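Trainee: I've got a structure open and I'd like to practise reading it. Can we go through it together, one question at a time?

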Amino acid sequence: MTNMAEDLKAEAPFRAGTRLEVPPSETPRRSKAPRRSTRERKARTLDLILYSVLAVLVIGLMVPFIWMVSSSLKENNQVLTVPIQWIPTEFVWSNYTDIWTRIPMMGYVQNSLYLSVIITCLQVLTGSLAAYGFSKVRFPGRDVLFLAYIGTIAVPWQAYMVPQYIMMQQLGLTNSFNALILLQAFGAFGVFLMRQYYMTIPDELCEAARIDGLSEYGIWARVILPLSKPALASLALLTFVNTWNDYMGPFIYLTSNRLWTVQLGLRSFVGQFDAEYAMIMTGSVISVVPILIIFLIGQRYFIQGIATSGMKG
Amino acid sequence: MTTETINPAPAVTQGRGNRKQARRNTLIGWTFILPNFLGFLAFTLVPVLAAFALSFMEWTSFSAPKWVGLANFQRMLESDTFWVALRNTVVYALGHVPLTMALALLLAMLLNRKLKGIGFFRVAIFFPYITSLVAVAVVWNMLFSPDSGPINQFLHSIGIAEAPGWTSSSDWALPAVIITSVWRDMGYYMVLYLAGLQAIPSELYEAAEVDGASAWQRFWNVTIPSLRPTTFFVVVMLTVSSFKVFDLIVVMTNGGPGRSTTVLSQLIYQEGIGEGKFGYSSAISLVLFLIVLTVTVLQFKIQQRRER
């Protein structure tokens, strides 16, 4: 047998890396009783090294956020200093109160919220209804229709934004929320995501409900919806965050300042007052915080939704 | 009465009742689909089809549509800006795809272990992906400030005297955008790779170990081949998203300085919505679509051949 210490060093990253169920310290082979303590101690040291490596890595990757928050609490002339001040010498909390009067931030937040909530509700409702039709009701032409949905997911949105724009112009809907709601609330993505999930629900359940005399709408509302809460949560969160973060949609359609979303307002603030570094960072923090909160509450659903659908909305 | 089955019984058993049932199913099916389908038809499907037709028409905001055949494409191929945008898009993809993939895999390997609190690290690395793009662009633009931005300060401190001008230099603006987008996207692809790594059966590693394979050999001969389906998916997604790059460019550099970061999507926007050249911009749209389609089909073919 080779030297155990070397052996362990060589195997650990891979063994630990690929076997979630068995932590490295419990690898069964070779761990004879008298040797266990050394082995455990080694494993613990290894863990410690790993933690430090990971901590350094994550802090390194989080530098933009750290810098954003720190800058948002400074005076403008303190932001781009040499050397960098990671912690403000004086915390300028007033940035966070001034920004609301400096730009109509409250209005922007309201607009963003309005759009995100309406689009999310419509997308989840129509998406889950259509997904039921596509997965649990059998009728001629259904699969061709679904193929049309899938087909458009493959077409980049940028390739048809101009016809969409012409259409909205003809309808007189440019510079209104309705344009964005109509364009974003009926996406194929929601139907696709929900259908993926409904396919995993056995048809026998619906069958049993039918025998019990439930109508199709009843089955959707009382059997399928309660069962698909995780998928509904995924879709709702992804849609909400995508709408909140959307820049191009509002950029193309919303021209008057009173309709602007947080993203547009922030971008225009940067354009107008490009030397107000601290205030710009304050605005950035405010635009990110709602997403952070939502993400922390529902991160499980985010990751599941993204992993099952393999795409962003 | 028979029970109301939505899945029609084989056609042989009942004749008329079955047809009636089928008609009922069609009706019910459509009522479920309709609310979404109406919106989808009007605002996605019709525009998609219209984009194809428009690319063969001359239509501006001042003139009526007129069929012109391939004239738009000819004009596009003769346009200098189109080639610049195409080149920038390809360069962006060539930087963004391999870097994001390599870093995502590296992070996934590092974070694929059972440690207390590992979830925190994963979530932290994933977070940039869902952060608002404007905030990301704004922060990175400042980090990239040529004179006293943190990045150049760091470069100075490690002895690089002539630090690049990043977004204010036409040579370095595209690399700056690529770095930002790699940082933003790698957490997402890391999640995909984590799922892939966790699906590899541990027996494979044990067998390789018994055969005396070193860690490096195990990585090349077990991990990489087992991850092939994931890698295939990641490459397709990454390539497609690279060719579609749009909002990050608009917010970070708006195509500048000069035309040094102008990409295809942005050109479509400028020509179509900015200047109202509907037909011409649709020709560029078609090119973008064909590139995305070709890349996807090509990668599918390669994947198929490998599996055989």
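Trainee: How far apart do the C-alpha centres of domain 1 of chain A and domain 2 of chain A lie?

Mentor: Keep in mind that this is a predicted model. Chain A is split into domain 1, residues 38-71, and domain 2, residues 98-308. Take the C-alpha centre of each one, and the separation between the two is 35 Å.

Trainee: OK, now the helices. At about what angle do helix α5 and helix α8 of chain A pack?

Mentor: Find α5 at residues 105-136 and α8 at residues 177-184, both in chain A. Their axes are 10 Å apart, and the packing angle is about 35°.

Trainee: Is that crossing left-handed or right-handed?

Mentor: Look at how α5(A) passes α8(A). The crossing is right-handed.

Trainee: Which residues make the contact, and how many of them are nonpolar?

Mentor: From α5(A) you have A:Tyr114, A:Leu115, A:Ile118 and A:Ile119. On the α8(A) side there are A:Phe177, A:Leu180, A:Ile181 and A:Gln184. No charged residue takes part and 1 is polar, while the nonpolar count is 7.

Trainee: Let's pick a single residue. Is A:Ile294 buried, exposed or partly exposed?

Mentor: You'll find A:Ile294 in helix α15 of chain A, residues 277-309. Buried would take 20 or more C-beta neighbours within 10 Å, and exposed would take 12 or fewer. A:Ile294 has 18 inside 10 Å, so the label is partly exposed.

Trainee: Which residues is A:Ile294 in contact with, leaving aside neighbours within four places in sequence?

Mentor: One of them, A:Phe240, is 54 residues away along the chain, yet the two C-alpha atoms are separated by 9.3 Å. The full set of these contacts is A:Leu237, A:Phe240 and A:Val241.

Trainee: Over to where the chains meet. Which helix gives the largest share of chain B's side of the contact with chain A?

Mentor: The contact takes 83 residues from chain B and 82 from chain A. Chain B's side divides into 52 nonpolar, 24 polar and 7 charged residues. The largest share, 19 residues, comes from a helix at residues 16-54 of chain B, namely α1.

Trainee: And which residues touch the most other members of the largest nonpolar core?

Mentor: That core has 160 residues, and helix α7 of chain B, residues 173-198, supplies the largest share with 16. At least three residues come from each of domain 1 and domain 2 of chain A as well. Beyond four places in sequence, B:Ala108 touches B:Met190, B:Tyr193, B:Leu194 and B:Leu197. The residues touching the most other members are B:Ala108, B:Met190 and B:Leu288.

Definitions and conventions:
Residues are numbered from 1 along each chain as its sequence is written. Chains are lettered from A and ligands numbered from 1 in the order in which they are written. This is a predicted model: local features need pLDDT of at least 70, side-chain atom pairs count only at pLDDT 80 or more; totals for chains, interfaces and linings use all residues. Axes are lines fitted to C-alpha atoms, for helices over the stretch in contact, and angles run from 0 to 180 degrees between N-to-C directions. Helices (H or I, at least four residues) and strands (E, at least two) are DSSP runs, numbered from the N terminus. A crossing is left-handed if the near helix is turned anticlockwise from the far one by less than a right angle, and right-handed if clockwise. Two residues are in contact if their C-beta atoms, placed from the backbone, lie within 7 Å. Ala, Val, Leu, Ile, Met, Phe, Trp, Tyr, Cys and Pro count as nonpolar, Asp, Glu, Lys and Arg as charged, and the others, Gly among them, as polar. Domain bounds come from an automatic or database domain assignment. A nonpolar core is a set of buried Ala, Val, Leu, Ile, Met, Phe, Trp, Tyr and Cys residues joined through C-beta atoms within 7 Å.
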